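This report introduces a single protein chain to a reader who has not met it before. The sequence and the three-dimensional structure are shown first.

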Amino acid sequence: MAHEPLTQEEVLLEGFLALGTPEGFRAELIEGEIVVTPPPDGDHETYISRIVRQVIRKSATDMEFSGNKGLKVPRGGLCVRNHVIPDGTFAPAEQWPFRGAESWMACEGVSMVVEVTSTKPDRDREAKRHCYANGNIPLYLLVDREKSSVTLFSDPEKADYREVVTVPFGKSINLPAPFSFPLETADFL
């Protein structure tokens with residue numbers, strides 16, 4: 001029986017999924033490009049820690065957190081789908097969102113993803129924003145170290161978010177339901 005030849009997108013996806021990433025590094029497939037990043041620095045992890053602590057303490061809904069959850073995000077164009085690993089992924093604890101999930105899970109049930117910019121901030125500002133909107137993730141929180149600001153993207157539609165709120169470090173930013181509290185950024189300074 002004859003087999004259909006693999007498309008360029010399918011070859012890229014198969015190569016990505018078979019990739020042996022060095023320990024501590026993360027590999028993602030974003031907009032048709034395989035991206036390998038080294039472990040984050042301490043400042044990066046401090047921002048994540050501050051956000052997680054506030055969500056756990058203040059969120060109106062009990063949340064679970066993952067700092068390494070691979071997400072499969074639908075996409076058109078060059079590749080079949082994106083495979084991204086947000087710096088932080090939040091989902092309601094009552095759903096047991098990560099229990100039994102495969103390494104790369106669908107975005108359904110995810111309430112918010114968080115990214116902290118590092119060496120290539122435009123990837124977080126643009127490509128990942130579009131990925132998360134395509135995945136219909138309700139909230140995307142971006143901590144932009146270069147701009148000393150925090151941006152909340154909400155109301156995803158197609159490949160982008162319709163609402164964008166940015167505050168400088170030191171100001172609070174309101175996280176809507178299911179979180180329903182102002183995220184403080186004073187200690188980001």
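The sections below describe the chain as a whole, then selected elements and residues.

## Overview of the chain

The structure is a predicted model. The chain has 189 residues, of which 44% are buried. Its secondary structure consists of 3 helices and 13 strands. Among the contacts with a separation of 6 or more, 55% are made by residues 24 or more positions apart.

## Helix α2

Helix α2 spans residues 42–58, 17 residues in total. From its first C-alpha to its last it reaches 24 Å, close to the 24 Å expected at 1.5 Å a residue.

The buried residues of α2 are His-44, Tyr-47, Ile-48, Ile-51, Val-52, Gln-54 and Val-55. They lie on the same side of the helix, because they cover an arc of only 165° around the axis. An α-helix has 3.6 residues a turn, so residues three or four places apart point the same way. Asp-43, Ile-56 and Arg-57, on the other side of α2, are exposed. The buried residues of the helix pack against five strands, namely β3 (63–66), β6 (88–92), β8, β9 (139–144) and β13 (181–183).

## Strand β9 and its neighbours

Strand β9 is mostly covered, with 6 of its 6 residues buried. Leu-139, Leu-141 and Val-143 point one way from the strand, while Tyr-140, Leu-142 and Asp-144 point the other way. In a regular strand the side chains alternate between the two faces of the sheet.

Strands β8 and β9 run parallel and are joined by 5 bridges. One pairing links Val-114 with its bridge partner in β9, Leu-141. Between these two strands the chain passes through helix α3 (residues 121–134), and the resulting β-α-β crossover is right-handed.

Strand β9 is also joined to strand β10 (residues 149–157), in this case by 6 bridges and in an antiparallel arrangement. Leu-142 stands opposite Thr-151 of β10. The two strands form a hairpin with 4 residues between them. Ser-148, in the turn of this hairpin, has a positive phi of about 50°, and Ser-148 is partly exposed at a relative accessible area of 34%.

## Ser-111 and Glu-64

Ser-111 is found in the loop between β7 (104–106) and β8 (112–116). With a relative accessible area of 8%, Ser-111 is buried. Residues up to four places away in sequence aside, Ser-111 touches Met-63, Phe-90, Ala-91, Pro-92, Ile-137, Pro-138, Leu-139, Pro-178 and Phe-179.

Glu-64 lies in strand β3 and counts as partly exposed, at 28% relative accessibility. Apart from neighbours within four places in sequence, Glu-64 is in contact with Thr-89, Phe-90, Ala-91, Ala-93, Pro-97 and Phe-98. Glu-64 and Ala-93 are 29 residues apart along the chain, yet their C-alpha atoms are separated by 4.9 Å. Phe-90 and Ala-91 are among the residues that both Ser-111 and Glu-64 contact.

## Cysteine residues

How many disulfides does a search of the whole structure find? The search finds 0. The sulfur of Cys-107 has its closest cysteine sulfur in Cys-131, 9.1 Å away. A disulfide requires the two sulfur atoms to lie within 2.5 Å, so the separation of 9.1 Å is too far for a bond. Cys-107 is buried, with a relative accessible area of 5%. Cys-131 also counts as buried, at 0% relative accessibility.

## Backbone features in the loops

The loop between β12 (173–175) and β13 contains Pro-178. The peptide bond leading from Ala-177 to Pro-178 is cis, with omega near 15°. Pro-178 is also one of the residues touched by Ser-111.

Asn-136 is placed in the loop between α3 and β9. Its phi is near 60°, a positive value in a residue other than glycine. Asn-136 is exposed, with a relative accessible area of 53%. Ser-148, in the loop between β9 and β10, likewise has a positive phi in a residue other than glycine.

Methods. Residues numbered from 1 in each chain as written. Predicted model: local features only at pLDDT ≥ 70, side-chain atom pairs only at ≥ 80, totals over all residues. Heavy atoms only, no water. Buried < 20%, exposed > 50% of the residue type's maximum accessible area, 1.4 Å probe, protein only. Contact = heavy atoms within 4.5 Å. Expected span 1.5 Å × (residues − 1). Arc of directions from axis to C-beta. Pairing = 2+ DSSP bridges. Right-handed = clockwise from strand over helix to strand, strands pointing away.
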